Each structure stands twice: as structure tokens, then as C-alpha cells.
Amino acid sequence: MSESLLAAIENQERLAVGFGRLQEERDEALDRYLGRPYGDEQEGRSQVVMRDVADTVEWIKPSLMKVFASGDEVCQFQPTGPEDEDQAEQETDYINHILMQKNDGFIVLHDWFHDALVQKTGYVMVSYETDIRAEREQFQGLTDDEFALLLQGDGTGKVEVVGHSQRVDEMGNVYHDAIVSKKEEYGCIKVHNIPPERVLVAGDWPSLNLQGCPFVEVIEYCTVSELRQRGFDVDDNINDSSQYSEDLWAEQRRELTFDGTVDREDLEADASTRRLRTRRIWMHIDEDGDGIAELRRLVVVGSTILENEEDDITPVAAISPQRMPHEHHGISITDNVADLQRIRTVLVRGFLDNMYLANNGRNAVDASRVNIDDLLVARPGGVVRVQGDPGSAIFPLLHPQQGPAILQAIEYVDTVRENRTGVTKYNQGLDANSLNKTATGVQQIMTAAQQRIELIARLFAETGVKNLMLIVHAMSLKHSRQSEMMKLRNKWVQVDPRSWKSRRDMVVSVGLGTGNKDQMLQHLMMIIEAQREGLNYGVATPKNLYNALSRLTQNAGFKMPDEFWTNPEEAQPQEPQEDPALVKARMEMEADAQKFQAQTQIDRENRMAEAELERERMQMQTELDANRQEYERQQKDREIEMQAEVEQIKIAATERIKAAELELERWKIEYLSDVDMQKEQLRTQVAMQKQADNVRETVAQVVAERENTPPKIIRDESGRAIAVERNGVRRNIVRDEQGRPSGLE
């Protein structure tokens, strides 16, 4: 049976999504995030690698962590009826306490989100782990009763005597000296981040929710000792090599300092510390032969099946920043930015190379007249030795400046990246041009850009985070053994998950739609002000006001609102309720009396208002007549003043036109003079260039004639050669001791 089961597992692994192109894309995503070289770098050229992927991911993560980890509640359980509101509230506090307090919730969420943003999909696994805590204590001078009480323990753990001795004093009293070890078994739900390359999911599974997935595999590297602590009977020489040999896990690519040295699984000094490739598998298979596949939980090392049990939940949760419908894996931020990072890298390399050439340009030189070593060393105050005119021996090669065009291209790529990801310069920091924009305009730009990040947060909330909290809830129901005293909402309460019922209705509280803390503060202040007014009309209660004040306190960063406000339900005892019929009758009588008084008051106020209105109307008519006369007088005076101003404007305009015409004539004369001067300079330069060309040709002819003149041998009276003369230059012949010619001076 085990052989057929192993064959089924290997078949599922071959069909699972996790190998091939997906792993290559994950490896490439890590390289792009870490800014590793592309492999096409050239010696002597710029080798810079831009970090667009890392910059974008690191700017998105703070917004996501602010959404999920800024408060105590990551999720909230909804009650299914009025009778279980208290239980739903307790479940909310307890499950959030497990994630954020018993586990390092902030780091779990951070690493989970990071994997998804960089490598398409992030995974976490929930497990119930049991740990044995041992404490050694030493006691001296215990009486028989005290020693017997010590051996009984306090019910929280098992007490073992490690060492014991007794002595008797002169009075016959027995005293005990003992060393005891107290072992306490502690169980807790743990949430682990799983590298994406260590997770295999059925290739045809279309959802991020892995509940119901026919095959899920998680690869762990556990030591022999760790497997034994989990209760598995493992031999020291167990082999973890499976029949499926294509183990393509990229564990070492994540290690920034990996140098290819020996890993721990290669050490054989201590067999218990040898690491084994352990496969934890949740697979639907018909084990009992009833024709219906049930979910099985398996632990496999190599070809050894350590565990094969039926299970009711797959404790793995997955998230993806950009969901692809009908696919398990979505699109990562790396997928959206990697091509732009490549383009920016090419542009920046070209920009730097162009600057290097501009700052250290090339020269065309006459190698016979210039000291090349001097020219290759560029230093302030350096000397380049040249024979003759330096201008004719060294000619600088001009390189065009491409910097502005490249910078414009880089800015365009940045704009494309902002449109793709929603990460703009406005939510990264103050833009240099923000001072020229209105505050409302910048806020609108930031709000529009943050919508993409909010969509990522909502996808995380509705998929992986929600599934994770449901898994933690189910694991609490499954593995809870006893009640536990916990401090929740600043109160010590007895929590017993065994009394809970299975939950399906849950909403993840992520704070979307409420803006940032400043905006939430304004909203809460408006709500509190409205509630204060609503208390007078019965549309708000002290409990509503207390809840709003609690939210206000939490928004300010204080996690315990009860330190600042008192719950009215706890501070004031409930008054006995009256007969509803009597209450209704009294309210109707009071309402009729109030209605009569109100109508009387309204009639009196109406009469007074009509008299006051008539008096004000007459007064306003008198003031209106006076104002009309004053307005007509001022209107005539204003027309006279405006006519005078128009005349002055006409005169000033005429003078400015004449001055402009004179300035234009002067500019024309200067411009034509400059043009004539430039033409004359150009003609002079052309003539000088021709003259220089003629000089070069003459010098070349002279040099050629001198080089073609044959040498003349000079002899003494005896006919012996003593010198050689060429082009008027005489050089004596040098002879050795035997009198044979050996060279020229």
C-alpha cells in the first residue's frame, strides 16, 4: 500500500505547479529584487543595476503593514445571533492574540507580504506544536511534609527527583535536601512563513484558497532530533532522497552570503543534527476504498512514510498581490516592474558612460611626437611631453552630450512605473514641484495612486488573511485541551476554545475606506459631536459614545481605551424596567402636552415675527432709497475717473510703442553688425586653415625628400671609411678593437 501511495504522491508532484518556468521566474525575481548583475556587463563600461523592483516593493510594504498591523485586531468574527455576541467578541480577541502575541505577527505578515510582492505568491502554514519546558530547582532542609508536598507538584507539570539526601539532627528530626526537575508540557498554535519554492500546489487548482485543493505539499528541512521531538521514530541512517530526483528548490539563492561551503546536512559528526528533506503533504485520496477521496495528512522522508492520518483542513494560506482569475498564481510587483528596471538600467548605464567619455574624452595623437604614457595619466597639474606644436600633435575627439535626452527617457519610464504600481513620488515624499500644486490637487493624486495599493490590501484581506484566521480558529477548536486565563481588552478572562462553535461568517478588519489616521481622527470627532447631540433625541446611547471614544483612543496609538474611558454598562447598574403599557401611556401624555406647548409657543413666535418683519421691511425700504441716491452719485464720479484713466493709458501705450520701435531698430543694427563680424571671422579661419594645410604639405615634402636622399660615405687619405653624411648631418663610424665597424656615433 505504501508503494502505491508513494507513486500517487510522485505523480501529483509531477503535475503540481512549482517546477519549470515558475521556478525560473521566482529565481529571476529574487535577482531583480537584490539588484544582481544581468550577465551582459562589459569590462570598462558602466555595470550599475537599478533597483526599481526593490524600491517599489519597499514603498508598498509600509502601507500594507499600516493597514494590517497598526492595531490589535487583524480580523473580526461576526456573531450568528444575539446569543453569541460575547463569544464572537472573545473569539476575535483570542485569535488576534494568537497571531500578534503568541506568534511574532508583525514579522509573519511582513515576510508573507514580501514573498507575494516579489515572487507572485506567498505562503504561511499553521501547526500545533507541543514543547516541554524543564526547570531544575534545589531545596535544602525540607521537612517530611514539605518534601511530600513538593513531590505532589502544583498540577501544572510533572515533578521528577534528580538528586536526594536526608539527614537527622540531634532531636531526631528528618530533613531532606533535594534537586527536582519540573517538566511542563506547553502547546501552542504556530504560524510559519514558507518560502514559495518549497510549496507545491495542484496544477489545475484555480483559487488562492487551498481548502479543497486535491494536492498541497510543503517542503521542510528538519533535523533527526526535531522529527523525534514530534513523536516520529526515525533511525540515524534514514535516507531522505526521493525517487523524484529533480529537486529544484532555490534555497541558496536567498542566502546573500552563500559561498558554496558545506551545509549542515553534509555534517556527520552528530547524526541527530543531520537535516532531512521532509515533505508534509495534504492530498485527497481514497484510502479506505469507499470510492470517495478523503483528505489525508502525510509526512514523508525519502521513501519512508512517517505519518498517514485523515485530516479535515489544509493548514496553508496563500496570497497574491494581483489575482489572475481561474489561476492559483497571480502577478507579482516584480512582473510589473522588471522590464522597466531593465530599461532604466540600460538608460542609466548609457548616461554614465556618456558622462565618463565627456569628462575623460579620447584624443587623436601623433604617436611619434607625443609621450603616450603622459597622455594616459590624467591628473591635475600633469605634464604631457610633446615635440613641436601640441595643437598639431593632439586633436581632442568631441563626444555628443546625450544626458538630457536620457534623463527624459528615464522620467518617462518612471511615469510608466507609477501608472502600473500606484507608487508615485507623492506617496514617497515631497515632490520638488509640489509647492506649485494645490494641497487639494496633491491629495487627489495621492488618493488615486493609493487605490492600487488599497486593492492589494483588500485582495490580501479577502483571500489569504481571512483563510489564515479561519485556519487558526479551526486549529484552536481542534487542539485545545483546557481553558486558559488571558488578559483581553484589559480584563482577565477565562478562555476555553472547546466551548466555541465552528465559525464560517467572518470579516477581516483592514481599515480600508477610512483614510489615514488624520482623516479617521476627523471622522471620529464628527461622529462624537453628532452623538452628543443625538443623546438628547434618543438616537444615540452612552454605549455608542463610549465605542466612538474607544476608537478615537486607539487611533491615537493607545491600545487600552479602558484606561481613559469607563464603559457605561459597567459603571451604571441597569434600572428595573417599567410596564411597557404604562411607559407608552405616559409617553403619549407627555408628547401631547409638549405638542400643545410647542404649538402655543409657535403661534406666539409667529405673531412676533410678523410684526418684526414689517418693521424691518419699512426700515430697509428707507435705507434702500438712500443707498440708491448715493450709488447714482458715486457711479457718475466713477465714470469721470475711468475716462481720465483711459486717456492716461492711451498716452502711456503710445510712448511704449515708440520706445519698442526704437529698441527694435537698435537691435537690428547690432544683429547685422554681429553677423558681419562672424562672417569675417569665419573667412579668416578658413584662410588660416588653408595656410596651415599648405605648411603641412610643404613640411611633408621636405621630410620625404630628406628621407629619400642616399647617404654619403667619407674616407680618409688611405681610403678607409671614417664617417657617413646624410642631408648635411655627419655621423662618425665607431670601430671595435680589431678595427671592424660596429656602429655610428
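**Exercise 1. An accessibility class**

Does Y671, at 46% relative accessibility, count as buried, exposed or partly exposed, and why?

Solution. The classes must be fixed before the value is used: buried means under 20% relative accessible area, exposed over 50%, and partly exposed in between, with a 1.4 Å probe and protein chains only. Because its relative accessibility is 46%, Y671 counts as partly exposed. W667 is likewise given 46% relative accessibility, and so W667 counts as partly exposed.

The model behind these values is predicted, so that local features need pLDDT of at least 70 and side-chain atom pairs count only at pLDDT 80 or more, whereas totals for chains, interfaces and linings use all residues. Residues are numbered from 1 along each chain as its sequence is written, and side-chain values use heavy atoms, with hydrogens and water left out.

**Exercise 2. Confidence and overall make-up**

Describe the confidence of the protein chain and its secondary structure, and identify stretches that call for caution.

Solution. Begin with pLDDT, the predictor's confidence in each residue, from 0 to 100: the mean for the protein chain is 79, and 84% of its residues reach 70 or more. Next, consider the elements, where helices (H or I, at least four residues) and strands (E, at least two) are DSSP runs numbered from the N terminus. The protein chain has 16 helices and 20 strands, among which strand β16 (residues 506–507) has the lowest mean pLDDT, 58, and strand β11 (residues 316–319) the highest, 95. Then turn to the weak stretches: over residues 256–265 the pLDDT is below 50, and this stretch has eight contacts in the model beyond near neighbours in sequence, a contact meaning heavy atoms within 4.5 Å. Over residues 511–515 the pLDDT also stays under 50, with seven contacts beyond four places in sequence. Where pLDDT is low, the predicted coordinates should not be read in detail.

Finally, of the 745 residues of the protein chain, 30% count as buried, and among contacts between residues at least 6 apart in sequence, 66% join residues at least 24 apart.

**Exercise 3. Two helices and their buried residues**

Compare the span of helix α11 with its expected value, locate its buried side, and then examine helix α2.

Solution. The expected span of a helix is 1.5 Å times one less than its number of residues. For the 19 residues of α11 (residues 403–421) this gives 27 Å, which agrees with the 27 Å between its end C-alpha atoms. The buried residues of α11 are G403, I406, I410, V413, D414, R417, E418 and T421. They cover an arc of only 145° around the axis, which puts them on the same side of α11; the arc is that of the directions from the helix axis to the C-beta atoms. The face turned away from this buried side carries the exposed residues P404, Q408, E411, Y412 and N419. Just after α11, G422 takes a positive phi of about 85°.

Helix α2 (residues 21–34) has 14 residues and reaches 20 Å from its first C-alpha to its last, close to the 20 Å expected. Its buried residues include L22, R26, L30 and R32, and the helix is followed by G35, whose phi is positive, near 70°.

**Exercise 4. Aromatic rings and charges**

Classify two aromatic pairs, place them in the fold, and find the charges over Y38.

Solution. Rings of Phe, Tyr and Trp (its six-membered ring) pair if their centres lie within 6.5 Å, and planes under 30 degrees apart count as stacked, over 60 as edge-to-face and the rest as tilted. A search of the whole structure finds four aromatic pairs. F68 and F113 form a tilted pair, 5.2 Å centre to centre with 55° between the planes. Since F68 lies in helix α3 (residues 52–69) and F113 in helix α5 (residues 105–119), the pair ties together parts that are 45 residues apart in sequence. Both F68 and F113 are buried. W667 and Y671, by contrast, form a stacked pair, 5.3 Å centre to centre with 15° between the planes; both lie in helix α16 (residues 580–708), four residues apart, about one turn of the helix. F68 and F113 also belong to one aromatic cluster with W112 and F460.

For charges, the criterion is that NZ of Lys or CZ of Arg is within 6 Å of the ring centre and within 35 degrees of the ring normal. R32 lies over the face of Y38 at 4.0 Å from the ring centre, and R342 lies over the face of Y38 at 4.3 Å.
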